[in-house]
Amino acid sequence: MAAYFMGIDNGGTGTKAVVFDGAGTARGSASRKVPMILPEPGFTERDMDVLWKASCDAVRDAITAAGVSPREIQGVACTGHGKGLYLWGRNGKPAYNGIVSTDTRAWAYPRKWKEDGTASRTFPRTCQSILACQPVSLLAWLKDHRPGVVESTRWVFEVKDYIRFRLTGEAHAEATDYSGSGLMNVRDARFDRALLEEFGLGEIHDRIPPLVYSTEACGVVTPEAAAACGLEAGTPVAAGMFDIDACAAAADVTDEQDLCVIAGTWSINEYISRAPVLDGSIMMNSLFCLPGYYLVEESSPTSAGNYEWFTTEFLAAEAAAAKARGIGVFEVAGEMAASVPPDGQQIVFLPYLYGSQYNPRARACFVGLEASHTRAEVIRSVLEGIALGHRVHVQKLLASRAVPPRAVRLAGGAARSALWAHIFADVLEQPVEVVETEELGTLGCAMAAAVAAGEFTDLKAAAKAMVRVRQRIQPDPAASAIYRRKFALQQEVSAALEPSWERLSAPLRP
């Protein structure tokens, strides 16, 4: 009987399930959008039951699309966006809406902890800067503003751990996700009540599930879950991993040679290292899905999520034209942007819909628009502005490494566009490699499922069998010179607007 493995990916906007064979070829996939709930400015939430149903529907449809029997799927694993918060209640139901990683309601807590010294005291243990969207900040906000929610919580989950819990009925905290939560002593790879007490969250300690690692078996699909999603009851379920780990593993970033850049809802920029970077120059160190490695990360919510919003809100005519041609709106938009050369416009786009690299209260804007500018030029400025935002983080990563990377492995929305991949190479001034599959998140966790099922000895072996590079792009020196000037201008505009973000976020009425 052929062996197949499933990855389930819950990102910032929806859920996807993909069935892979042992060679890493996607045999069938399906996805579902999950409606965002926006109850107040800065709040981004989802109904956890709706999310579970969407995941079940995607799983069932992916199995059908693959044309395989559920019995042939030898293992399943989940991935998903990191940060955010998904709380399960003592009453056996969600304790609150799921909070997505683009949520900025808790912006004041990292600032307070920085000012009162909590951040510097805890850094040697957390090995990371504190962000507004991390569970540590969101739990502190809930404790102050919705205390009944925290009191009624049984389990503190990240999104993929919640979906795995619904599949198996077993609660586990997988290390790659929770080591980026602010709740974990990353230095010692354990949960630490004394650390939680520094943030006023000591009572949360017994609500964090037991710690597991990416390729560990974490139960089997229950009969109830099988009836809901179409998997075979008893199918083994592996721990899985944070989506940035999954993308890195699926891009075969399994040693210290390459950088991985993920252009998704978040701008994720990372490499793996045997030792964390603890001099304060890097935002995040977390445990990588490959034992013995740390994931050294620079990130912000400044990436392709901005482009998706822009196309939805402003490219209705292009979407209609794309539908008439039988293609997607992003293809039409890419064609339009490709008609504009790197020096064809000088519009500054700040991709700050969900905050910036520097301030969670920053907001997106275009600067420099003129009446002569075309829609194609505006689209190009969005693509460039997002890539330039990644450069902020990549420069910090390069400065923290002793040797330059061999290449940047590109994942996410930018990897699906030939134009955008070339822009990234020129902006980052690094060779860019794109792997064959577009389903990196689901492939990474399917690789973990294959290891847990005994198909491969470890993730390195799985990557060698299941990952192939499709394209290598060299940067164009002339274009890179143009983008250096554009980057300086973007940074100048961003710095000039910094004093305005607080006032723009304040209510107009007293």
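**Helix packing, buried residues and cysteines in the predicted model**

Tyr307, Glu308 and Thr311 in helix α11 meet Phe330, Ala333 and Gly334 in helix α13. By class, this contact of α11 with α13 is made up of three nonpolar, two polar and one charged residues. The structure described here is a predicted model, and the values below are computed from it. Two packed helices are described by the angle between their axes and the distance between the axes. For α11 and α13, the axes come within 11 Å and cross at roughly 95°, and the two helices are therefore roughly perpendicular to each other.

Helix α13, which spans residues 329-338, has Val329, Val332, Ala333, Gly334 and Ala337 as buried residues. Ala333 and Gly334 thus appear both in the buried set of α13 and in the contact of α13 with α11. An α-helix has 3.6 residues a turn, so residues three or four places apart point the same way. The cover over the buried residues of α13 includes α11 (304-314), α12 (316-325), α14 and α15 (418-428).

Helix α14, one of the elements that cover α13, also packs against a further helix. Running over residues 375-400, α14 packs with α18 (residues 477-497) at an angle of about 85°, and the axes of the two helices are 10 Å apart. That angle makes α14 roughly perpendicular to α18. On the side of α14, the contact is made by Arg380, Glu384, Gly385, Leu388, Gly389, Arg391, Val392 and Gln395, while α18 contributes Tyr483, Arg484, Lys486, Phe487, Gln490 and Gln491. When the residues of this contact of α14 with α18 are divided by class, four are nonpolar, five are polar and five are charged.

Among the strands, β6 (residues 86-89) is covered on both faces, with Tyr86 and Trp88 buried on one side and Leu87 and Gly89 buried on the other. In a regular strand the side chains alternate between the two faces of the sheet. Strand β6 pairs with strand β8 (residues 153-157) in the antiparallel sense, over four bridges, and within this pairing the bridge partner of Leu87 is Val156 in β8.

Two buried residues in other helices may be considered individually. Thr122 lies in helix α3 (residues 118-126) and is buried, with a relative accessible area of 0%. Leaving aside neighbours within four places in sequence, Thr122 is in contact with Ile130, Leu195, Glu198 and Phe199. Of these partners, Leu195 is 73 residues from Thr122 along the chain, yet the C-alpha atoms of the two residues are separated by 7.0 Å. Ala225, found in helix α9 (residues 223-229), also counts as buried, at 2% relative accessibility. When residues up to four places away in sequence are not counted, Ala225 touches Trp52, Arg166, Leu167 and Gly230. Ala225 and Ile482, by contrast, are 257 residues apart in sequence and 54 Å apart in space, from C-alpha to C-alpha.

The cysteines were examined for disulfides, taken as pairs of cysteine sulfur atoms within 2.5 Å, and the count comes to zero. For Cys78, the closest cysteine sulfur is that of Cys445, at 6.7 Å, which is too far for a bond. Cys218 is likewise in no disulfide, the nearest cysteine sulfur being that of Cys78, 10.0 Å away. Cys78 counts as buried at 1% relative accessibility, and Cys218 counts as buried at 1% relative accessibility as well.

Finally, two loop residues have a positive phi although neither is a glycine. Ala189, with a phi of about 50°, is found in the loop between β10 (184-185) and β11 (190-191), and at 27% relative accessibility this residue counts as partly exposed. Glu429, with a phi of about 55°, has its place in the loop between α15 and β23 (432-435). Glu429 is partly exposed, with a relative accessible area of 30%. Helix α15, which precedes this loop in the description above, is one of the elements that cover the buried residues of α13.

How values were computed:
Residues are numbered from 1 along each chain as its sequence is written. This is a predicted model: local features need pLDDT of at least 70, side-chain atom pairs count only at pLDDT 80 or more; totals for chains, interfaces and linings use all residues. Side-chain values use heavy atoms; hydrogens and water are left out. Axes are lines fitted to C-alpha atoms, for helices over the stretch in contact, and angles run from 0 to 180 degrees between N-to-C directions. Angles under 35 degrees count as roughly parallel, over 145 as roughly antiparallel, 65 to 115 as roughly perpendicular and the rest as oblique. Contact means heavy atoms within 4.5 Å. Ala, Val, Leu, Ile, Met, Phe, Trp, Tyr, Cys and Pro count as nonpolar, Asp, Glu, Lys and Arg as charged, and the others, Gly among them, as polar. Buried means under 20% relative accessible area, exposed over 50%, partly exposed in between (1.4 Å probe, protein chains only). Two strands pair if DSSP finds at least two bridges between them.
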